[in-house]
Amino acid sequence: MKPVLILGAGINGAAVARDLAINGIPVCIVDTGDVAGGATSRSSRLIHGGLRYLEYRDTALVRESLVERERLLKLAPQFVKPLRLTIPVEHRFGGLWAGFVRFSGLARTSIGKHLLKFGRGPRGLLAIKAGLTMYDRLARSDSLPPHEIHRANNDASPSTPTTIADNKTKPCDRFRWLCSYSDAQIEFPERFVLAMLEDARRAAAASGTMFEVLPYHKTVASESSADISIISTANAQSASNISSARTISPSVIVNATGAWGDRTLESLGLCEKPLFAGTKGSHLFTTHQPLIDALGNDGIYAEADDGRLVFILPCAGGVLIGTTDEPFADDPGNAVTTPDEIQYLVRMVAEVFPNTDLTADHVSMHHAGVRPLPKCDSKSAAAIPRRHSIEQTTLHGIPILTLVGGKLTTCRSLAEEVCHRICSTQHLTRRQQTTDRPLPGSGDTCTHSLSAQDLARLAAQHHLHVDQVATVWPLIGDRLYEPFPHRGTATSTSPDIRVQNDSLCGTHIPKSFAKWSITHEWCTTLEDLVERRLMLIFHPTIQHTTLQELAEELVNAGRLQESQIDSEIDRVSQRLQTFYGKTVIRH
């Protein structure tokens with residue numbers, strides 16, 4: 001059987017690869033960069049139904065997303081956790097006219113855009129209450145509580161969420177109501193993608209089916225045949241052991257390169273009408289303690305004066321703030337957060353939490369990604385449809401399926417649709433579903449966070465410190481036994497438990513975990529480790545010594561030449577400064 005060639009190893013490409021591999025279909029997944037190196041790693045990190053999509057009457061997308069949200073909470077609890085979001089509301093009647101125009105479908109017409117000028121102003125209590133009521137009915141959730149509405153004042157009822165009403169720092173006094181509702185969060189979608197690829201690898205190995213993941217490779221189409229050349233783009237500095245060029249003849253090509261989709265088609269010699277018109281979304285991350293204290297465990301979903309909706313979310317021990325929504329026509333790899341965007345998001349936080357005194361100086365990291373939205377006539381980014389679609393064309397008789405749109409939440413259902421289409425066109429039988437298949441690391445009793453007793457027990461079993469277990473658990477869940485074999489002799493009360501792994505400088509990440517990741521998780525470069533394997537990008541600081549230690553592990557694994565360590569550290573340090581605003585600390 002000829003393999004399916006998947007271009008793009010982001011969340012949608014990985015999900016498709018997993019579905020195909022589980023069904024015994026050979027797969028080769030190729031990316032010009034790293035696994036999860038595009039928009040997947042630069043998102044709002046939410047698993048949600050899309051409350052604001054209801055205004056545009058996209059109830060089918062919201063229902064699909066809410067079903068998938070519920071499914072992911074059960075199948076990947078090590079990555080996906082419930083999150084309570086609160087909408088602070090100032091007025092009672094605002095937004096009703098604008099909501100009617102959007103819900104009627106007029107907002108995507110020239111007349112509707114004119115009518116919206118008469119409905120400016122923030123959404124009010126009645127509009128939000130109607131939306132939340134519809135949201136709960138579409139969700140039909142047995143595991144998450146429905147929405148609640150409370151008055152935002154010092155005499156709030158006891159049932160008011162303590163993270164909002166009883167904190168010393170609370171949303172600005174101008175807000176009269178607090179509307180809270182349920183959604184979910186995925187702090188590390190990068191690790192979620194790696195788990196999907198691991199599941200695909202296991203399924204392929206069990207059935208004896210081909211499965212390859214090739215980061216830092218490009219594809220070149222033959223001018224006269226169905227052959228596709230796959231060529232390494234990694235240089236000797238970063239990946240001396242990457243295999244050389246090979247040629248395959250795929251049965252189907254899946255273009256899952258996201259916002260790069262049009263460029264991918266052009267590289268294959270297919271210059272058709274553009275399918276994408278991406279928008280850039282920027283996010284800030286801060287460990288500013290007054291904001292962390294004010295936010296508590298819940299998130300804020302607030303409306304700016306210009307009508308944009310902004311998230312303020314607890315994330316990775318800090319706060320994630322986003323997002324902007326600007327048209328972006330350049331190479332998505334060049335997207336960076338601008339100073340104006342930083343100031344805009346900081347001002348938005350000040351509107352909600354004025355007493356936290358957040359400034360741009362408190363931003364410890366920022367990033368920007370480009371959403372793979374479909375090209376359409378809408379001049380409003382918010383009005384662009386968010387539902388995914390599959391566009392088909394051919395190359396020398398090979399079907400090419402280009403995935404347009406999509407979101408983190410619906411990656412599984414999109415992959416299911418793609419697999420079904422491939423099976424239909426190739427006269428194959430789809431033998432297994434992914435609707436009830438847990439991801440590796442979920443376990444029978446797995447949760448996103450561990451109790452103190454569980455931390456102590458696992459630390460004793462694997463001869464780790466509790467801080468090491470707490471750091472690694474959100475990355476792999478109950479797969480701890482893979483990088484840290486179960487010793488089984490110590491108990492949580494042993495006074496002389498010997499920690500078997502020294503941590504990387506400035507972190508609680510065991511060096512042996514970094515070594516295991518390099519060997520088992522398709523890791524090629526130093527930036528892969530920092531940004532998408534060990535999630536050091538969320539640490540308040542990154543030390544030069546830490547990069548040195550990781551570079552030495554890459555040398556030991558044959559991924560890097562010893563003579564190139566200094567230049568590689570310099571390259572990654574510059575990248576961190578340019579794309580994330582992070583300065584590597586030298587002592």
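Helices here are DSSP runs of H or I at least four residues long, numbered from the N terminus. With that settled, the predicted model can be taken from its empty space outward.

Five cavities of 30 Å³ or more turn up in the structure. The largest holds about 100 Å³ of space, and 14 residues line it, with Arg 18, Leu 72, Phe 192, Met 196 and Arg 412 closest to its centre. Four helices each put at least two residues into that lining: H1 (11-22), H2 (59-75), H7 (189-207) and H11 (411-425). As for chemistry, the lining splits into nine nonpolar residues, four charged and one polar.

Phe 192 shows up again in the packing. The largest nonpolar core has 50 residues, and Phe 192, together with Ile 6 and Phe 211, touches the most other members. H7 is the top contributor to this core, giving eight residues. Setting aside neighbours within four places in sequence, Ile 6 is in contact with Gly 13, Val 16, Ala 17, Leu 20, Val 27, Cys 28, Ile 29, Val 30, Val 254 and Ala 256. There is also a second, separate core, this one of 45 residues, with Leu 464, Val 469, Cys 523 and Leu 536 among them.

H7 itself deserves a closer look. Of its 19 residues, 14 are buried, meaning under 20% relative accessible area, so the helix is largely enclosed by the rest of the structure. Its length works out too: at 1.5 Å a residue, H7 should span 27 Å, and its end C-alpha atoms are indeed 27 Å apart. Right after the helix comes Gly 208, with a positive phi near 70°.

Notes: Residues are numbered from 1 along each chain as its sequence is written. This is a predicted model: local features need pLDDT of at least 70, side-chain atom pairs count only at pLDDT 80 or more; totals for chains, interfaces and linings use all residues. Side-chain values use heavy atoms; hydrogens and water are left out. On a 1 Å grid over the protein atoms alone, a cavity is a set of points where a 1.4 Å probe fits but cannot get out, and a pocket is an open set with protein on both sides within 12 Å along at least five of seven lines; lining residues have an atom within 4 Å of a point. Grid points are joined across faces, edges and corners, and a volume is the space filled by probe spheres set on the points. Ala, Val, Leu, Ile, Met, Phe, Trp, Tyr, Cys and Pro count as nonpolar, Asp, Glu, Lys and Arg as charged, and the others, Gly among them, as polar. A nonpolar core is a set of buried Ala, Val, Leu, Ile, Met, Phe, Trp, Tyr and Cys residues joined through side-chain atoms within 4.5 Å. Buried means under 20% relative accessible area, exposed over 50%, partly exposed in between (1.4 Å probe, protein chains only). Contact means heavy atoms within 4.5 Å. The expected span of a helix is 1.5 Å times one less than its number of residues.
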